[in-house]
Amino acid sequence: MLRMSKMTDYGIVLMTELARAEGGTRTTRELAARTRVPLPSASKVLKGLLQAGLVVSHRGANGGYGLARPAASLSLAELVASLEGPVALTECGVHPTGGAPCELEAVCQVRGHWRLINQAIQESLARLTLADLIAPAPRMPERLVGLGVPSRPASPSAPPTTSTVTGVRS
């Protein structure tokens, strides 16, 4: 099963809470309480997001963390990459040509396909912003439509299906 780490999940949850603050700041303790992310994990993730330049830190009585940029300009791809590293399903999707190849790369017949799959995932994550994640859920499928994923036409007798990629019923 493909999964992002719990810390990345926490990072996304914390960032959405900061986005809801609409330019305001939240302390680590406030963020942990509002999101129910354990305080030590929230602290660790926020430090990583600070190093990545996605949040800013303010000291003092009204201090805390805030978004470094507007939520609409922070893509999910950027957020995930800052916490996980390069987004790829396979090792050959991580390094560009000329990088450290895997032992099967020279004879791999599906490498090109994995690159296309990795690219589709990266593009999907890049299309979604932090602002999208705080919007009501029905808005999200609109942003995912047009990923180049062919939808199966529904036959007249078949019930409508929901695409697992887009969540859109056809």
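Of the 170 residues of the protein, 32% count as buried. The model is predicted. The protein holds seven helices and two strands, and along the sequence these elements follow the pattern α-α-α-β-β-α-α-α-α.

**Fold**
- In sequence order, the pattern opens with α-α-α, continues with β-β and ends with α-α-α-α.
- Helix 4 covers residues 76-84 and helix 5 covers residues 111-127, with a loop between them.

**Internal cavity**
- A search of the whole structure finds one cavity of 30 Å³ or more.
- The space in the largest cavity amounts to about 30 Å³.
- The residues that line the largest cavity are Met 15, Leu 54, Leu 74, Ser 75, Leu 79 and Leu 130.
- By class, this lining comprises five nonpolar residues and one polar residue, with no charged residues.
- Ser 75 is the polar member of the lining, because Met and Leu count as nonpolar whereas Ser falls among the others.

**Nonpolar surface patch**
- Leu 89, Val 110, Trp 114 and Ile 117 make a nonpolar patch of about 300 Å² on the surface.
- Leu 89, one of the residues of this patch, is placed in the loop between helix 4 (76-84) and helix 5 (111-127).
- Leu 89 counts as partly exposed because its relative accessibility is 32%, and the partly exposed class lies between under 20% for buried and over 50% for exposed.

Note on methods
Residues are numbered from 1 along each chain as its sequence is written. This is a predicted model: local features need pLDDT of at least 70, side-chain atom pairs count only at pLDDT 80 or more; totals for chains, interfaces and linings use all residues. Side-chain values use heavy atoms; hydrogens and water are left out. On a 1 Å grid over the protein atoms alone, a cavity is a set of points where a 1.4 Å probe fits but cannot get out, and a pocket is an open set with protein on both sides within 12 Å along at least five of seven lines; lining residues have an atom within 4 Å of a point. Grid points are joined across faces, edges and corners, and a volume is the space filled by probe spheres set on the points. Patches are made of residues with over 30% relative accessible area and no salt bridge: like charges are joined within 9 Å, nonpolar side chains (Val, Leu, Ile, Met, Phe, Trp, Tyr) within 5 Å. Accessible areas come from the Shrake-Rupley method with a 1.4 Å probe; for residues, only the protein chains shown count as cover. A salt bridge is a side-chain nitrogen of Lys or Arg within 4 Å of a carboxyl oxygen of Asp or Glu. Helices (H or I, at least four residues) and strands (E, at least two) are DSSP runs, numbered from the N terminus. Buried means under 20% relative accessible area, exposed over 50%, partly exposed in between (1.4 Å probe, protein chains only).
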